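Biologist: Thanks for sitting down with me. Could you walk me through the aromatic rings here?

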Amino acid sequence: LLKKGSLQRNVFFMLLGNGLFAFSQWFQISLIAKYSSIDTLGYFTLTLSIISPIFMFTGLQLRTLIITDVDSKIKFNTFFTLRIITSFISLFLIVVIGFFIANKSLFPFLILLSFQKLLEGISELFNSKHQQHERVEFLAQSLLLKGLAIVLSIWLGLVIAKSLFIGLLLILVFYLFIIYFNDYRNYKNIYHEKVVFEGQKKVLYDIMILGLPLGIVLLIISLNANVSKYFLEIYSGTEKQAIFSAISYILVIGLFILDSLGQSFVPRLSRYFYERKFKNFKNLTIIFAGLSLLIGTTLFVFSLFFGKVGLQLLFNEKISEYSGFLSQYLSVCILVFIASSLGYTLTSIGEFNVQPIINLVILLVNLVLSFFLIKKYELFGVIIVLGICFLLQIIITTYLIMRKISKIQKTDLL
């Protein structure tokens, strides 16, 4: 049914791999919530919110650079060497941060989860090479194995060994096996190359400079996603931060569906735009935004009727007490979905350079509002902040899309 090398086949395997891996990320939160204390869950989610922006930044989006290096002008080993260097820079920064954090209970989480991120970064490079050559079935296979490793390890650690740390150590062991016996061997057998440390200093420096803007963009996006957790931890404590983090993972379901829609809509939107079919472009943009609204509204309505039962089933009794907050959060997430769909639309018309500026503006607004509102209103403050930030993002993005269309229409009349 899916012809080898076809776009449909590539999209299918991309969705399969990313979907299963995203599910494993969510499922481990569910397991930790069920079999650990609320504080342990809080330490885990806070650690992720600390290390994720750092690894996003130092990762330099090497995946994108590999995929777009169509002629393979830069050797894979050069990318590999740079990834190892930047990963250990991340580890150093995280250890330094760990020494300054008052709560020393976070330190083992920081170390174990940082090594997990490091190994995921190495695996990602091999997968990027497969994606470059449109062998995405190997990418999906790798993501599937890592997803299974996460679920199995956390389950063995929490249910059998009664220790989350054992579960996290098992993930590292499984990852090492997957990287060597799956990722590296597939790479070696397909491309007939060995992985070694190499690369001239100038070439490594040039790649780093090339990837730096992409790393900064991901840093800003990651900080935007985690600001609320930082302020909740400071002003409301680990328990409230853990509850918010667990509930916010439900958003992953909707965003995954939206990402699938985005991959389908962007090529068509882009074609309509560059063929000057602006009526079709506007209609499709409205349909995309409408579907995003439908996804958000469906999740919100579902939470009104099944919120408490759902939270108890997914997490635990304590978190299920916050079903009212879940409904408030998902009502605001309707704006998140609309803003995301407009972000895809902005990408479809080639407006790349302005997106980091939008994200930076939203981050600054997020920081200022969080300082005042989360401090005073705690979880409800998060709802207010998110509502204002995403409404602002919708207004800015809509304005930029309309301005670009208007500018081209005026140029065509001349």
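Biologist: By about how much of the helix are Y187 and Y191 separated in helix α7?

Modeller: Happy to help, and do keep in mind that this is a predicted model. Both tyrosines belong to helix α7 (residues 164–191), four residues apart. That spacing means they are separated by about one helical turn.

Biologist: How are the planes of the Y187 and Y191 rings arranged: stacked, edge-to-face or tilted?

Modeller: The ring centres lie 5.4 Å apart, and the planes meet at 50°. Stacked needs an angle under 30 degrees and edge-to-face one over 60. The angle of 50° fits neither, so the Y187 and Y191 pair is tilted.

Biologist: Is Y191 buried or exposed?

Modeller: Buried means under 20% relative accessible area. Y191 has 14% relative accessibility, so it counts as buried.

Biologist: Nice! Which residue lies over the face of Y191?

Modeller: Here we look for a charge over the ring, with a cut-off of 6 Å from the ring centre. At 5.7 Å from the centre of the Y191 ring, the residue over its face is K129.

Biologist: How many residues apart are F80 and F126?

Modeller: Their ring centres are 6.4 Å apart with planes at 45°, so this pair is tilted. F80 sits in helix α4 (residues 76–100) and F126 in helix α5 (residues 107–132). The pair thus links distant parts of the chain, its members being 46 residues apart.

Biologist: Which residues form one aromatic cluster?

Modeller: F80 and F126 belong to it, and so do Y187 and Y191. The full cluster is F80, F126, F177, Y180, F181, Y184, Y187 and Y191.

Methods: Residues numbered from 1 in each chain as written. Predicted model: local features only at pLDDT ≥ 70, side-chain atom pairs only at ≥ 80, totals over all residues. Heavy atoms only, no water. Phe/Tyr/Trp six-rings, centres within 6.5 Å; stacked < 30°, edge-to-face > 60°. Helix = DSSP H or I, 4+ residues; strand = E, 2+ residues; numbered from the N terminus. Buried < 20%, exposed > 50% of the residue type's maximum accessible area, 1.4 Å probe, protein only. Lys NZ or Arg CZ within 6 Å of the ring centre and 35° of its normal.
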